[in-house]
Amino acid sequence: MSILSSWIAPHDPGRVLVDSPGGPITYGDLAAAIEEPVPAGAQVVMSPGTGRDEVVDLLRLSGRRQVVLIDRGLPAAERQRRVEAAGAAREREAATIVFTSGTTGPARAVRLTVANWRAAAAGSAAHLDHGPDDTWLAVMPLHHVGGLSILYRSAYVGGRVRWVPGADPGRIAAELRSGVTMASLVPTVLRRVLDADSDSFSGLKAVLVGGGPISSGVLEAASARGLPVLPTYGMTETCAQVATLHPGSAPRPAAHPLPGIELRIAADGRIQVRGAQVSPGYADEDDRPTGAWFTTPDLGDLESDGALRVRGRADDVIVTGGENVWPGEVEEALVAHPAVRLAVVVGRPDPEWGEQVVAVYEGDPVGAGELRQWLRPRLAPHQLPARVQRVERIPLNPTGKPDREAVRSLVRRD
């Protein structure tokens, strides 16, 4: 039984589920595909691209075999390592095996079950009032949980997906004006969409922005242009979205837990999550105990109304002179300067202080002294960057997020 069988059955066969680069895929197309024989064996390894048949194959196999999703753009050796890592899950419960981003170490194979996906789709639909009249713009690749989850959520409610993987900011801006009602973007891409297009937007119901901290300034700028931006938090281990700002809320960098999700902050400041959409474990591990909390690699705080405010990854904290500096706080202060469009703050090894705070930014040329002066009333002394460097383009990873390791390498070479 496919993960989607009971979801697609009630819907008009002629209704489009996915507008893909290779052509539309209707609910009827998918219903027919699900009836086709599937490959023998416990697992099917796929590297989905943009072809229509590839998307249909992925959807029809989900739940009937363990589908292992591999990024086709990886070097051959890393692709093989991931295939072998996923192999440890053959005898364990999983509908899909999706890999983490691997930004702080080797990517891990996450087991996601039919029950996980069902809970994730139901919780998202209830929180966002996502229904059959919605069209969701998706720009993430299908091997990534952010792209895959949009397909599943839309199939669950009988909605539609407009999939334009890897679209540039100008194309995304155009798509946001062409009948979509919902969208998912990372903060960097949202900022570049605003820079690429100066006109206002209308008709959108929700623009989810996740994958990293988002500044108040970007939220306000997006809202002023008619984009109903909702900060969102989630990861591969939670079927993507577990918290999103309530629709209709005043813009702020916080996210409310979805129905069925519990959040708390551990003693060390890390965010912990519990709920039916949380993965039972990695491919090479036994299931977590029933009711156990999943400890994320992210630091955060819970506000008085239960909303989560993410401070950033624990591994990204800069320790300078014995003081902790959260890069997101410095980045938010930097992008409030009118000359700065995007900023990334990292630590650079220093024999005296342990680490220096170094800022790299995109934007108009401005003196480092002027920027530091701008920051003084907004930050504590230990948060002030020791160095500020302007670049034409901050390097991004394949999901559109700033590549912090590439930025660290850049500042260490100077």
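The following exchange concerns helix packing and sheet order in a predicted model. Local features need pLDDT of at least 70 and side-chain atom pairs count only at pLDDT 80 or more, while totals for chains, interfaces and linings use all residues. Residues are numbered from 1 along each chain as its sequence is written, and side-chain values use heavy atoms, with hydrogens and water left out.

Reader: How is helix 2 oriented to helix 3?
Author: Helices (H or I, at least four residues) and strands (E, at least two) are DSSP runs, numbered from the N terminus. The axes, lines fitted to C-alpha atoms over the stretch in contact, with angles from 0 to 180 degrees between N-to-C directions, come within 9 Å and cross at roughly 60° for helix 2 (residues 27-34) and helix 3 (residues 52-61). Angles under 35 degrees count as roughly parallel, over 145 as roughly antiparallel, 65 to 115 as roughly perpendicular and the rest as oblique. Helix 2 is therefore, relative to helix 3, oblique.

Reader: Which residues of helix 3 make the contact with helix 2?
Author: Contact means heavy atoms within 4.5 Å. Helix 2 contributes Asp29, Leu30, Ala33 and Ile34, and helix 3 contributes Arg52, Val56, Leu59 and Arg60.

Reader: Which strands are the edge strands of the open sheet?
Author: Two strands pair if DSSP finds at least two bridges between them. The open sheet has 9 strands in the order 2-1-8-7-9-10-11-12-13, with mixed pairing. The edge strands, each pairing on one side only, are strand 2 (23-26) and strand 13 (256-257).

Reader: Which residue stands opposite valine 207?
Author: Strand 10 (residues 206-209) pairs with strand 11 (residues 229-235) in the parallel sense over 3 bridges. Opposite valine 207, in strand 11, stands valine 229.
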